[in-house]
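Me: I have a structure open and want to learn how to read it. Can we go through it by question and answer?

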Amino acid sequence: MKQWSVIETKKDYEAVLGRIDTLMDKNPVKRTSEGRELSLLLVLVELYEDQYYSIDSPDPIEAIKVRMEDLGLTPKDLIQAVGDKGTVSKVLNHKLPLSLRMIRNLSAQLSLPAEVLIKESVLEVA
């Protein structure tokens with residue numbers, strides 16, 4: 001087995017991905033040397049990707065809009081979760097921040113993780 005270390009370059013990253021593919025094709029048992037090697041390589045890739053390819057959480061309002069579209073909802077459908085028609089409009093137009101109550105209600109209604117909705121959204125100045 002090759003001596004692996006922390007992935008530092010794109011070339012190393014691609015080599016590790018290639019080795020992972022080879023090992024995955026073999027479907028090794030966890031307690032074998034190849035199984036342990038595969039586990040190690042997966043951890044190394046995760047660390048590398050977290051450092052160089054991390055994906056930030058989406059803007060909460062944009063996440064709400066995407067989920068509304070997925071579910072075929074209109075702003076009117078959010079009134080019970082957010083408040084009156086004016087409040088829904090202000091929230092969806094980045095004029096009013098989400099309150100804790102809104103976050104809880106929207107998380108339940110839209111099946112969105114609260115962590116996505118908690119992120120601070122940039123408000124437009126009137």
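Reply: Gladly. This is a predicted model. A starting point: α3 is followed by G72, whose phi is positive, near 70°.

Me: Which residue caps the N-terminal end of α3?

Reply: Look for a side-chain oxygen close to a backbone nitrogen at the start of the helix. Here such an oxygen lies 3.1 Å from the backbone nitrogen of I61. The residue that supplies the oxygen is D59.

Me: How far apart are the end C-alpha atoms of α3?

Reply: Start with the expectation. The helix has twelve residues, and at 1.5 Å a residue they should span 16 Å. The model agrees with this: the end C-alpha atoms are 16 Å apart.

Me: Within what arc do the buried residues of α3 fall?

Reply: First list them: P60, I61, A63, I64 and M68 are buried. Then look down the helix axis. The buried residues line one face, because they fall within an arc of 155°.

Me: Which residues are exposed on the other side of α3?

Reply: Keep the buried side in mind: its residues pack against α5, α6 and α7. Now turn to the other side. To count as exposed, a residue needs over 50% relative accessible area. The exposed residues there are V66, E69 and D70.

Me: Which helix gives the most to the largest nonpolar core?

Reply: That core has 16 residues, and I64, L78, V82, L92, L98, L106 and L117 have the most contacts inside it. The elements giving two or more residues are α3, α4, α5 and α6. The top contributor gives four residues, and it is α6.

Me: Which residues does I64 touch, not counting residues up to four places away in sequence?

Reply: I64 is one of the buried residues of α3. It is also among those with the most contacts inside the largest core. With its sequence neighbours set aside, I64 touches L78, L92, L98, L106, L110, L112 and L117.

Me: Is V91 buried or exposed?

Reply: Its place is in helix α5. Leaving aside neighbours within four places in sequence, V91 is in contact with I61, V82, L96, L98 and M102. Its relative accessible area is 2%, and the cut-off is under 20%. So V91 is buried.

Me: How far apart in space are V91 and I61, C-alpha to C-alpha?

Reply: In sequence these two are 30 residues apart. Yet they are in contact. Their C-alpha distance is 7.4 Å.

Me: What is the relative accessible area of A81?

Reply: A81 is found in helix α4. Leaving aside neighbours within four places, A81 is in contact with R101, M102, N105, L106 and Q109. A81 is buried, because its relative accessible area is only 4%.

Me: What arc do the buried residues of α1 cover?

Reply: The buried residues of α1 are Y13, V16, I20 and L23. Their spacing makes sense, because residues three or four places apart in an α-helix point the same way. What covers the buried residues of α1 includes α2. They sit on the same side of α1, because they cover an arc of only 90°.

Me: Which exposed residues does the opposite face of α1 carry?

Reply: Go to the face turned away from the buried side of α1. The exposed residues carried there are K11 and D25.

Me: How many residues apart in sequence are the parts that Y13 and Y53 tie together?

Reply: These two form a tilted aromatic pair, 5.8 Å centre to centre, with 35° between the planes. Y13 lies in helix α1 and Y53 in the loop between α2 and α3, so the pair ties together parts separated in sequence by 40 residues.

Me: What angle lies between the planes of Y48 and Y52?

Reply: Both are in helix α2, four residues apart, so about one helical turn separates them. Y48 is buried, whereas Y52 is partly exposed. Their rings are 4.7 Å centre to centre in a tilted pair, and the angle between the planes is 40°.

Me: Which residues do ring pairs link into a cluster?

Reply: The count comes to four aromatic pairs. Y13 with Y53 is one of them, and Y48 with Y52 is one too. The cluster is Y13, Y48, Y52 and Y53.

Notes
Residues are numbered from 1 along each chain as its sequence is written. This is a predicted model: local features need pLDDT of at least 70, side-chain atom pairs count only at pLDDT 80 or more; totals for chains, interfaces and linings use all residues. Side-chain values use heavy atoms; hydrogens and water are left out. A nonpolar core is a set of buried Ala, Val, Leu, Ile, Met, Phe, Trp, Tyr and Cys residues joined through side-chain atoms within 4.5 Å. Buried means under 20% relative accessible area, exposed over 50%, partly exposed in between (1.4 Å probe, protein chains only). Contact means heavy atoms within 4.5 Å. The expected span of a helix is 1.5 Å times one less than its number of residues. The arc is that of the directions from the helix axis to the C-beta atoms. A polar contact is a pair of N or O atoms within 3.5 Å; within protein, one must be able to donate a hydrogen and the other to accept it, and residues adjacent in sequence count only if both atoms are side-chain atoms. Rings of Phe, Tyr and Trp (its six-membered ring) pair if their centres lie within 6.5 Å; planes under 30 degrees apart count as stacked, over 60 as edge-to-face and the rest as tilted.
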